[in-house]
Structures are given as structure tokens and as C-alpha cells.
Amino acid sequence: MLKDRRSVTHEADSRLVSILQGAYSGERAAGHAYNGHWRSVRDPDERREIRKIELEEWQHRGVVGEMLAELGATPLQWREIVFLMIGTVLKYGCFVSGWMMPMFGAGRLESRNIVEYEDAARVAWRSGRTAWVECLLGMAEVEWDHELYFRARLEQHRFWRRMPLWQKPPPRASIRESFAAETAETAQTATTPDQVPVDRVSEVA
Ligand SMILES: [Fe+2]
Ligand SMILES: [Fe+2]
């Protein structure tokens with residue numbers, strides 16, 4: 001059964017709201033955690049780099065908050081509180097957990113953040129919010145850079161050279177390549193309006 005345009009928009013927007021609410025609160029925890037992380041390390045280069053990462057997480061949160069507002073949605077309050085608590089625990093935990101644990105935890109978390117923004121870009125495309133795609137893919141790339149930084153720091157440490165880390169993400173370029181391939185294929189094979197972005201529904205309806 002074909003879905004009408006309003007139904008397609010509603011479903012994709014609901015999914016997008018859900019992803020963005022998760023990302024918004026996740027960035028809050030990350031921002032607080034990195035605030036403690038850069039203050040807890042001694043190496044000036046590490047302090048500067050992790051501080052930069054903290055600022056990028058707050059920027060992401062600002063952008064995601066604007067997208068939520070445009071969707072007529074608000075952050076989930078319970079999630080905001082939970083992630084504030086998580087971020088605060090991690091922030092102060094960095095001062096007692098040593099050098100390795102925060103580096104490992106951050107890198108592993110960043111690998112998930114890449115996928116979160118890739119998913120958001122795909123759903124935004126499906127809902128016809130194609131103007132957001134570039135921004136969301138850009139944030140996925142920034143998360144990829146963050147993951148690389150923490151992975152590289154750990155790999156330079158002699159203990160971690162022989163230890164397995166979390167699964168390595170695909171190359172950075174694959175973020176845009178896989179998005180382009182997937183969306184092109186969907187648009188080509190679409191036979192129903194719910195398989196294409198809302199702003200192209202009329203082409204296949
Ligand atoms: Fe982020
Ligand atoms: Fe990040």
C-alpha cells in the first residue's frame with residue numbers, strides 16, 4: 001500500500017527526532033567528560049587537542065538543538081539529566097582513572113557517534129530535509145577525526161600496541177561514498193513514495 005506524502009514525512013521526522021534527541025544528550029555527556037579529560041592530562045598537546053574536541057562537541061549540540069527546534073521537538077528531559085550525570089561522573093573520573101581509561105572510553109564512544117550522524121543524514125534525506133545532509137555528514141566526519149585521535153594516542157602507547165582496540169571504522173571517505181551510493185540506489189530502485197525523499201515523491205507516485 002502506498003503511503004501518502006504526509007505519512008512519509010511524519011515517519012522519517014519521528015525517526016530523525018529520536019536520533020537527534022539521543023545525539024543532543026550524548027553531546028552533553030561528551031562535552032562534560034572532555035572538559036575533565038583535557039584538564040586531567042599533562043601533555044600540552046593532548047590538553048589542546050582534547051579541549052578542541054570538547055568545543056566541537058558543544059558545537060554539535062548547538063546544531064542538533066537547532067534541528068530539533070526546527071522539527072518542533074524538544075530534548076528528552078530524563079535523557080538530559082541522565083547524560084548530565086554520566087558526563088559529570090566521567091569528568092571527575094578522569095582525574096582518578098589514569099591516562100588510558102579515558103582515552104579508551106572516548107575512542108570507543110566516538111566510533112559510535114560516527115554511525116549516529118550517518119544514520120541521521122540518511123533519515124534526513126528520506127524526509128526531504130536534504131539541506132541538513134551536508135551538515136550531518138560533516139559532523140560524522142568530525143566524529144571520525146575524534147576516533148582517529150584517541151586510537152592514535154593509544155596505539156602510540158607500548159601497552160596498547162599488542163592489545164585489540166574497538167573495531168576500526170571504515171576510511172573517512174566512505175562516510176560520503178556510502179551515503180551517495182545508498183541514496184542513489186534507493187532513488188533508482190524506488191517504486192513507492194516511502195522509498196524516496198519526500199521532495200521526490202511526485203516523481204514515482
Ligand atoms: Fe560530537
Ligand atoms: Fe566526538
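**Exercise 1. Determine whether the length of helix H4 agrees with the span expected for its number of residues.**

Step 1. Helix H4 covers residues 100-126, which is 27 residues; helices are DSSP runs of H or I with at least four residues, strands are runs of E with at least two, and both are numbered from the N terminus.
Step 2. The expected span is 1.5 Å times one less than the number of residues, and for H4 this comes to 39 Å.
Step 3. The end C-alpha atoms of H4 are 40 Å apart, which agrees.
Step 4. Just after H4, glycine 128 takes a positive phi of about 90 degrees.

The model is predicted: local features need pLDDT of at least 70 and side-chain atom pairs count only at pLDDT 80 or more, whereas totals for chains, interfaces and linings use all residues. Residues are numbered from 1 along each chain as its sequence is written, and chains are lettered from A and ligands numbered from 1 in the order in which they are written.

**Exercise 2. Apply the test of span to helix H2, and list its buried residues.**

Step 1. H2 comprises residues 44-70; at 1.5 Å a residue its 27 residues should span 39 Å, and the 40 Å between its end C-alpha atoms agrees with this.
Step 2. A residue is buried if 20 or more other C-beta atoms lie within 10 Å of its own, exposed if 12 or fewer, and partly exposed in between, with C-beta atoms placed from the backbone.
Step 3. In H2 the buried residues are Ile50, Ile53, Glu54, Glu57, His60, Val64 and Met67.
Step 4. An α-helix has 3.6 residues a turn, so residues three or four places apart point the same way.
Step 5. After H2 comes glycine 72, with a positive phi near 75 degrees.

**Exercise 3. Describe the overall content of the protein chain.**

Step 1. The protein chain has seven helices and zero strands, in the order α-α-α-α-α-α-α from the N terminus.
Step 2. Of its 205 residues, 35% are buried.
Step 3. Two residues are in contact if their C-beta atoms, placed from the backbone, lie within 7 Å. Among contacts between residues at least 6 apart in sequence, 77% join residues at least 24 apart.

**Exercise 4. Identify the residues and elements that build the largest nonpolar core.**

Step 1. A nonpolar core is a set of buried Ala, Val, Leu, Ile, Met, Phe, Trp, Tyr and Cys residues joined through C-beta atoms within 7 Å.
Step 2. The largest core has 22 residues, of which Leu20, Ala120, Ala121, Ala124, Leu136 and Ala140 touch the most other members.
Step 3. Helix H1 (5-40), H2, H4 and helix H5 (133-155) each give two or more residues to this core. H4 supplies the largest share, seven residues.
Step 4. Leaving aside neighbours within four places in sequence, alanine 120 is in contact with Leu16, Ile19, Leu20, Ala23 and Leu136.
Step 5. A second, separate core holds nine residues, including Ala33, Tyr34, Ile53 and Phe83.

**Exercise 5. Establish how H5 is oriented against H2 and against H4.**

Step 1. Axes are lines fitted to C-alpha atoms, for helices over the stretch in contact, and angles run from 0 to 180 degrees between N-to-C directions.
Step 2. H2 and H5 pack at about 155 degrees with axes 11 Å apart; H4 and H5 pack at about 165 degrees with axes 8 Å apart.
Step 3. Angles under 35 degrees count as roughly parallel, over 145 as roughly antiparallel, 65 to 115 as roughly perpendicular and the rest as oblique. H2 and H5 are therefore roughly antiparallel, and H4 and H5 are therefore roughly antiparallel.
Step 4. A crossing is left-handed if the near helix is turned anticlockwise from the far one by less than a right angle, and right-handed if clockwise. H4 passes H5 in a left-handed crossing, and H2 passes H5 in a left-handed crossing.
Step 5. The contact between H2 and H5 is made by Glu49, Ile53, Glu56, His60 and Val63 of H2 and by Cys135, Met139, Val142, His146 and Tyr149 of H5.

**Exercise 6. Classify histidine 37 and phenylalanine 179 as buried, partly exposed or exposed, and find their contacts.**

Step 1. Histidine 37, in helix H1, has 26 other C-beta atoms within 10 Å and is therefore buried.
Step 2. Beyond its neighbours within four places in sequence, histidine 37 is in contact with Ile50, Cys94, Pro102 and Ala106. Proline 102 lies 65 residues away along the chain, with 7.0 Å between the C-alpha atoms.
Step 3. Phenylalanine 179, in helix H6, counts as partly exposed because it has 18 C-beta neighbours inside 10 Å.
Step 4. Not counting residues up to four places away in sequence, phenylalanine 179 touches Glu118, Ala121, Arg122 and Leu137.
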